[in-house]
Amino acid sequence: MDVSIIETSSLGDRSYLVTEADVAVVVDPQRDIDRVLALANDRGARITHVLETHIHNDYVTGGLELSRAVEAEYIVPAGDDVDYERRAVHDGDLIDAGPIRLRVMHTPGHTHHHVSYVLLDATGGTHGIFTGGSMLYGSTGRTDLVGPQYTEELTHAQFRSVRRIADEVPADTPVYPTHGFGSFCSATPTSGDSSTVGQQRDVNPALTRDEQAYVDELIAGLNTYPAYYAHMGVINRAGPSPLDLSAPEPVDPAELRRRIDAGEWVVDLRERTAFAAGHLGGTLGFELSTSFVTYLGWLYKWGAPLTLIGESDEQIADAKRELVRIGVDELAGAAVGEIHTLVNGHELRSYRVSDFAELTREIDSEQVRVLDVRQKDEYEDGHVRGAVNIPLHDLAERLDEVPRGEVWVHCASGYRASVAASMIDRIDRIVVLVNDDFEKAYDQGLIGTS
């Protein structure tokens, strides 16, 4: 029996393909099911069952489309109200896929109806447990996504669910979570790429703390999460539309400028320092890297026309794949080519890129202001002296609070700061992007108490 991991690092999630002989089962597939189909084909296996651990809040599922494409049985936890046919499973149910069997374990916490699946062979031997947003590697799934009125109830439930797994599943059983590799669905950061139930007994807070301490610590540590989450459950309950990865319509320089001047969302996918060196005024810089879809989805005005600027058709295609994973299906178009070919008679804008060492030399200048776009808890843990904190997800609504003059923008690594720099880059302001690791600020003695 083989368990293959299908990584979606941009969302911090994993899907799984289980194969035995010529039979395959899929757990928590992402929207772009072509990856799953290709892997099953490589394994020479036919997918007979597609399983969901829960109605997802951080991505659009590919489960419904996959099950229809291969005529597999689609399995969703009982109690979840959905608008399509599926097999609703309850605690203790057995899913029989020939040589592969899975026992359903109700593990509420991340959601009310969340389940885990214990992976069994034909003789009843345990080969793994798919824990979704329940037991993660050194953490658990967050419990505030269903609604604030349920957070305390679900946090207690999460504690008991993880304890149940530890009590009922053999210690040497591999744990296969969906979340916890950078996903905001994790209550706290996770650690490691693999684990067993026994190893989690030593490190998981639900297993090393008493119930009330666990509940208090988890709730106190919950932070903001991407705004696009509000749309994911709605789409997944209704049933996502079939995937469309076709190329968006091309946009010429004149039309591109018209859209920028009209205040539409025009997003430049190039590397952050390339954007800083030269970009079309009024565009937003969202470097196409691991953080792209999380932060664009967080800031994007849902349903607004969205045009992409890329260096190649391949870059546009990669961005579209990322966007459809969170339900941004309609692109208004794309402009491709060297940035100087897209100016349409306008001059490119630019701003400096620097680091914390240079900020150290200039911070005492009367003209220099520092903007920290990390989240509030990050700022409170330690910040550059005199810095103004406006979290990136609040920046669009608080632009009038951004200091005038020369503004040095930083975050923890440079990505959020690069987005923020593109948002505040205006004629009346000098922007400097601090493209550096925040730990260097400590090394430079920049951290203060005010």
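What percentage of the 450 residues in the chain do buried residues make up?

1. In this predicted model, buried residues account for 55% of the 450 residues in the chain. The accessible surface of the chain amounts to about 18,200 Å², and 46% of that surface belongs to carbon and sulfur atoms.

2. As to overall architecture, the chain contains 16 helices and 22 strands. Its radius of gyration is 24 Å, close to the 22 Å that the globule rule gives for 450 residues, so the chain is as compact as a globular protein of that length. The C-alpha trace, taken along its principal axes, spans about 70 × 50 × 35 Å.

3. Concerning contact order, if one takes the contacts between residues at least 6 apart in sequence, 68% of them join residues at least 24 apart. On the electrostatic side, the chain carries 39 positive and 73 negative charges, and the mean positions of these two sets are 2 Å apart.

4. The largest nonpolar core comprises 51 residues, among which F286, L306 and L308 touch the most other members. Helix α15, covering residues 415-424, supplies the largest share of this core, with 7 residues. A second, separate core has 21 residues, including L120, V197, A206 and L218. By way of background, nonpolar side chains tend to be buried together in soluble globular proteins.

5. F286 deserves a separate entry for its contacts. Leaving aside residues up to four places away in sequence, F286 touches W265, V267, D268, L269, F292, Y295, L296, L299, Y415 and V419. Of these partners, Y415 and V419 have numbers that fall within the range of helix α15, residues 415-424.

6. Is E322 buried or exposed? E322, which is found in helix α11 (residues 313-324), has a relative accessible area of 14% and is therefore buried, the cut-off being under 20%. Not counting residues up to four places away in sequence, E322 touches S10, F292 and V293; F292 also appears among the residues that F286 touches.

7. A157 lies in helix α3, which runs over residues 151-168. With a relative accessible area of 16%, A157 falls under the same 20% cut-off and so counts as buried. Once residues up to four places away in sequence are set aside, A157 touches P108 and G109. The C-alpha atoms of A157 and V36, which are 121 residues apart along the chain, are separated by 32 Å.

Notes: Residues are numbered from 1 along each chain as its sequence is written. This is a predicted model: local features need pLDDT of at least 70, side-chain atom pairs count only at pLDDT 80 or more; totals for chains, interfaces and linings use all residues. Side-chain values use heavy atoms; hydrogens and water are left out. Helices (H or I, at least four residues) and strands (E, at least two) are DSSP runs, numbered from the N terminus. The radius of gyration is taken over C-alpha atoms; the globule rule is 2.2 Å times the number of residues to the power 0.38. Buried means under 20% relative accessible area, exposed over 50%, partly exposed in between (1.4 Å probe, protein chains only). Contact means heavy atoms within 4.5 Å. Accessible areas come from the Shrake-Rupley method with a 1.4 Å probe; for residues, only the protein chains shown count as cover. Lys and Arg count as positive and Asp and Glu as negative; His and the chain ends are not counted. The place of a charge is taken as NZ of Lys, CZ of Arg, CG of Asp or CD of Glu. A nonpolar core is a set of buried Ala, Val, Leu, Ile, Met, Phe, Trp, Tyr and Cys residues joined through side-chain atoms within 4.5 Å.
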